[in-house]
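Visitor: I have a model open and would like to learn how to read its features. Where do we begin?

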Amino acid sequence: MKRTTWGMLLGASLVLGASLVPSSASACGGFFCSQAQGVNQAAERIVFANNKDGTVTAVIEIQYQGPTDKFSWLLPISSVPKGDQIQVAAGQSFQRLQQATNPQYSLTTRIEGTCDASPGFGGAGGASSGGFPTSGNAAGASGADSAVTVEAKGVVGSFEWTVISLDKKLAQPADAAVTWLKQNGYDVPPGAPGLLSPYLADGMYLLALKLVKGATAGSIRPIVLTYDAVKPMIPIKLTSVAANDDMGVMAWVLGDAQAVPQNYYALELNEARINWFNPNLNYNNVVIAAANEAGGQGFVTEYAQPGSALQGQLWTDQDETDWQSFKTEAQSADLRTLAVDAMFTFSQWDGFWEVVRAQVTLPAGVTLQQVQADPAGHENELVVSPTLVSELEKNVITPAQVLQQLIDTHPQITRLYSTLSAPEMTVDPLFTFNPSLKPVSNVHTAERVIECAAGYYTSNAPWRIELPQGDVIRGGPSQLGAWPSEFDDQPANRRIVRQGETGNGKVLEDNSAKINTSVTTYNQTIPLPLRRASFPIGGPSRGNPSGSAGSAPGDVPSTSISPGGSSSGCSLAPGGNPTSLLLAAFGLAALVRRRRPR
């Protein structure tokens, strides 16, 4: 019986902007590519959309660096796509999707009590390969080709694609598939028959892609594929043939409810392990540790929200306005002017320059690179086809709209992320949906509370950070900017959960008590910073003739002062250091003189 799920081979590196250090993957991953060349699969991302009609749509992005004649890609699929079920999308849409859903960790600051005025206007601080045959079988081939049938083929974007099936009577269909791949120019890695065998024995087809002649690695675009399926699945076992250690896997799943890993664990990160002063330093390492604690078979849900939250994020209102204005202009504008205007407006989108090559003829001696550098300067030299607008719509604009349209037509979107190494790739991740779960925000905010009192500036006062999960971490000026290395020994997961299609899941491991004990033990090692003597103008206070420090920070009434308020929460009232006031006045006078016009 043919498997009802569809899988793709995914090798990804996660880039979280300010929240994560990029991690490259040099394995061939989902590619069957040349092992002798310096091929780099820098990143790969995928969107699954459950269409509720027995099909799933996947949008798969590939970033590839290497010789174009060695590029090849093979995916197991459960049905033969029709002509309109295989398309291309835009890499820019993936970039916008990732940016909109990236985890964000930030600190806000509030101040308790009143610190002495800082002498330097410091204030309280704020938030701180081979060819494919053009006919059914390669001419003169024998053995494997008699067991291989080309079910469909075509060209989409810069890809030539072919779907093959294997004779169901074969005892070893994977051997026949690998023989066919080699005969048709694919560099197949060792061990491929054993990895392909479970999928082919289940009656799945193989989708093979290569670049058309003359295409460059920059022509590679995301593929959109619709196929028969009930649930999304990633055949990660195939990736083990050439996977890097701790290879990132990122997927967005669209459906009627929040997506969960059905046969992998749901991982809830320990927030105390994340460096809230600079999250990009260690976020990915925390995910790696969390996945390793789950045997490499767990996913972190980084984002789960209504699809409407991303409306207009991937294809914006401005993008639509630009396109509609361009089509209106096309009704009367000179074709050469139209082509130049298109270069200024749409050249950032995938496929644009491929359309220009096909629709614009350049004079002898003028290169495309020269036109790209100065479109207006070459306007009068261009010969432009009247089909420019329709080709732009077909090959550039429509692909740029695909991801936004998928998100707009599905109520919920979930982003899941994990890392795996080859020995951990023994189970193909399968995703299902659970309407019982609460939304998951990608925005995480902790509060840093500066514990002001007489004898402290805001820059050297003790502080505490209150994490969303409830832990409170103490510190002083010497700890600011350096996250406790002692926390590296804590579990990376606060909880490991087995999720299902209803309910909140079964908690398999809860490390909350262990984490809380570790944080408390650490806090007990942090001494309070030394306090200065604090004097009002004119000398020591009559109530405190010795000039000793006042009450401890914990004895000061708690007062919230919004960042950006007057003096950023610093008081210049009596009780401040006279030297501080003198320096502040001197600095202000100097500032006035510096700003005075000459």
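Guide: With accessibility. Buried means under 20% relative accessible area, exposed means over 50%, and partly exposed lies in between. Keep in mind that this is a predicted model.

Visitor: Take K52, then. Is K52 buried or exposed?

Guide: K52 has 63% relative accessibility, so it counts as exposed. It sits in the loop between β2 (40-50) and β3 (55-65). Check its backbone too. K52 is not a glycine, yet its phi is positive, about 65°.

Visitor: Which class does D246 fall into?

Guide: Apply the cut-offs again. D246 has a relative accessible area of 23%, so it is partly exposed. Its phi is also positive, about 55°, and it is not a glycine either. D246 belongs to the loop between α4 (236-239) and β12.

Visitor: That loop leads me to β12. How many of its residues are buried?

Guide: Nine of the nine residues in β12 (residues 247-255) are buried, so the strand is largely enclosed by the rest of the structure. Now sort them by direction. M247, V249, A251, V253 and G255 point one way. G248, M250, W252 and L254 point the other way. Both sets are buried.

Visitor: What does β12 pair with, and in which sense?

Guide: Look for bridges between strands. β12 pairs with β18 (residues 412-420) in the antiparallel sense, over nine bridges. To fix the register, pick one bridge: M247 is partnered by L420 in β18.

Visitor: How do I read a hairpin? Try β7 and β8.

Guide: Check the pairing, then the turn. β7 (residues 148-156) and β8 (residues 159-166) pair in the antiparallel sense over eight bridges. V156 has F159 in β8 as its bridge partner. Two residues lie between the strands of this hairpin. One residue in the turn is G157, with a positive phi of about 60°.

Visitor: And a whole sheet? In what order do the strands run in the one with β6?

Guide: Write the order down, then find the edges. The order is β6-β20-β21-β22, in an open sheet of four strands with mixed pairing. β6 (104-112) and β22 are the edge strands, since each pairs on one side only. Next comes twist. Neighbouring strands here are turned by 25° against each other on average, with direction ignored.

Visitor: What is the sense of the β20 and β21 pairing inside that sheet?

Guide: Antiparallel: β20 (residues 443-451) and β21 (residues 463-466) share four bridges. One of the pairs puts R448 against I465 in β21.

Visitor: Now helices. How are α6 and α10 oriented to each other?

Guide: Start with the axes. Those of α6 (residues 317-330) and α10 (residues 388-408) come within 13 Å and cross at roughly 170°. An angle over 145 degrees counts as roughly antiparallel. The two helices are therefore roughly antiparallel to each other.

Visitor: Which residues meet there?

Guide: From α6, they are E320, W323, F326, K327 and A330. From α10, they are V389, L392, E393, I397 and Q401. By type, the contact residues divide into six nonpolar, one polar and three charged.

Visitor: Covalent links next. How many disulfides does the structure hold?

Guide: One. It joins C115 to C452, with an S to S distance of 1.9 Å. Then read the handedness from the torsion. About the S-S bond it is about -100°, so the disulfide is left-handed. C115 and C452 are both buried.

Visitor: How do I trace a link between residues far apart in sequence? Take T432.

Guide: Locate it, then look past its sequence neighbours. T432 is in β19 (residues 431-434). It is buried, at 3% relative accessible area. Beyond four places in sequence, T432 is in contact with K231, Q258, A259, V260, Q262 and E501. The C-alpha atoms of T432 and E501 are separated by 6.8 Å, with the two residues 69 apart along the chain.

Visitor: One last case. Is Q490 buried or exposed?

Guide: Buried, with a relative accessible area of 5%. Q490 is a loop residue, between β22 (472-475) and β23 (493-498). Use the same contact reading. Leaving aside neighbours within four places in sequence, Q490 is in contact with N270, A272, R273, I515, S518 and V519.

Technical notes. Residues are numbered from 1 along each chain as its sequence is written. This is a predicted model: local features need pLDDT of at least 70, side-chain atom pairs count only at pLDDT 80 or more; totals for chains, interfaces and linings use all residues. Side-chain values use heavy atoms; hydrogens and water are left out. A disulfide is a pair of cysteine sulfur atoms within 2.5 Å. Buried means under 20% relative accessible area, exposed over 50%, partly exposed in between (1.4 Å probe, protein chains only). Axes are lines fitted to C-alpha atoms, for helices over the stretch in contact, and angles run from 0 to 180 degrees between N-to-C directions. Angles under 35 degrees count as roughly parallel, over 145 as roughly antiparallel, 65 to 115 as roughly perpendicular and the rest as oblique. Contact means heavy atoms within 4.5 Å. Ala, Val, Leu, Ile, Met, Phe, Trp, Tyr, Cys and Pro count as nonpolar, Asp, Glu, Lys and Arg as charged, and the others, Gly among them, as polar. Two strands pair if DSSP finds at least two bridges between them.
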